[in-house]
Amino acid sequence: MDFTLLARVVHIVCVVLWIGGVSMVTTVMIPVFKNMPRDVDGLKTFHAIEKRFAAQARVTTLLTAMSGVIMLEMTHSWSRFLDPGNWWLYGMVTIWVLFSIMLFIIEPFVLPRVVAKLSPSSTRNIFPAMLLLHIVLLAGSLITIAGAVSGSHGGLF
């Protein structure tokens, strides 16, 4: 069995699930909740939905990291980090670190404390900031994915 190929398949499937979910949250969920009528507590509903995605995202980000390390190790490719043309490798690691901090530290430990300090009427103010953060992370993810696909197939991007 080709474990490098298996690791690549796991890596790509996990990235698709993870970043695809981020895209859904960014382009559909947050805008819907951001524009809900003022008398609706969208934050509770948003968190109920997002909580399920966060569980999936935690698993897929861990599998993404493990499969990435396995690929690098099995192909003896750690030296690729020394080539600036492989900038997308740094992009992958950076995106992974940022999302891991969000998923494993900020969401479970910091965000509940911040939300608890807000008045019920001001919780709606969280959505514009969440949307901006998600747009930045999604854009960075998509640029990195484009660079990784191109770069791993000999392209210049």
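1. Helices in this note are DSSP runs (H or I) of at least four residues, numbered from the N terminus, and the model they are taken from is a predicted one. With the elements named in that way, the protein has four helices and zero strands, and its order from the N terminus on is α-α-α-α. Along the principal axes, the C-alpha atoms fill a box of roughly 55 × 30 × 20 Å.

2. Helix α1 covers residues 3-34. At its start, a side-chain oxygen of D2 comes to within 3.1 Å of the backbone nitrogen of T4. The end C-alpha atoms of α1 lie 44 Å apart, which agrees with the 46 Å that its 32 residues should span at 1.5 Å a residue. The helix is nevertheless not straight throughout, for α1 bends by about 35° at V25.

3. Helix α2, residues 42-74, has 33 residues and reaches 46 Å from its first C-alpha to its last, which is close to the 48 Å expected at 1.5 Å a residue. A kink of about 25° is centred on E50 of α2. After this helix comes H76, which has a positive phi, near 50°.

4. How do α2 and α3 cross, and at what angle? The axes of α2 and of helix α3, residues 87-117, come within 10 Å and cross at roughly 150°. Because angles over 145 degrees count as roughly antiparallel, α2 is described as roughly antiparallel to α3. Their crossing is left-handed. On the α2 side the contact is made by L43, H47, E50, A54, A57, R58, T61, L62 and A65, and on the α3 side by W96, L103, F104, E107, P108, L111 and V115. E50 therefore deserves a second look by the reader, being the centre of the kink in α2 and also one of the residues in contact with α3.

5. Helix α4, residues 126-152, has 27 residues, and the distance from its first C-alpha to its last is 38 Å, close to the 39 Å expected at 1.5 Å a residue. Just after α4, G154 takes a positive phi of about 85°.

6. The pairing of α1 with α4 has an angle of about 150°, with the axes 10 Å apart. That angle makes α1 roughly antiparallel to α4, and the crossing of the two helices is left-handed. Among the α1 residues that make the contact are V15, I19, V22, S23, V25, T26 and T27, while the α4 residues include F127, P128, M130, L131, H134 and I135. V25, where α1 bends, is thus one of the residues through which α1 meets α4.

How values were computed. Residues are numbered from 1 along each chain as its sequence is written. This is a predicted model: local features need pLDDT of at least 70, side-chain atom pairs count only at pLDDT 80 or more; totals for chains, interfaces and linings use all residues. Side-chain values use heavy atoms; hydrogens and water are left out. The expected span of a helix is 1.5 Å times one less than its number of residues. The bend at a residue is the angle between axes fitted to the seven residues ending there and the seven starting there. A polar contact is a pair of N or O atoms within 3.5 Å; within protein, one must be able to donate a hydrogen and the other to accept it, and residues adjacent in sequence count only if both atoms are side-chain atoms. Axes are lines fitted to C-alpha atoms, for helices over the stretch in contact, and angles run from 0 to 180 degrees between N-to-C directions. Angles under 35 degrees count as roughly parallel, over 145 as roughly antiparallel, 65 to 115 as roughly perpendicular and the rest as oblique. A crossing is left-handed if the near helix is turned anticlockwise from the far one by less than a right angle, and right-handed if clockwise. Contact means heavy atoms within 4.5 Å.
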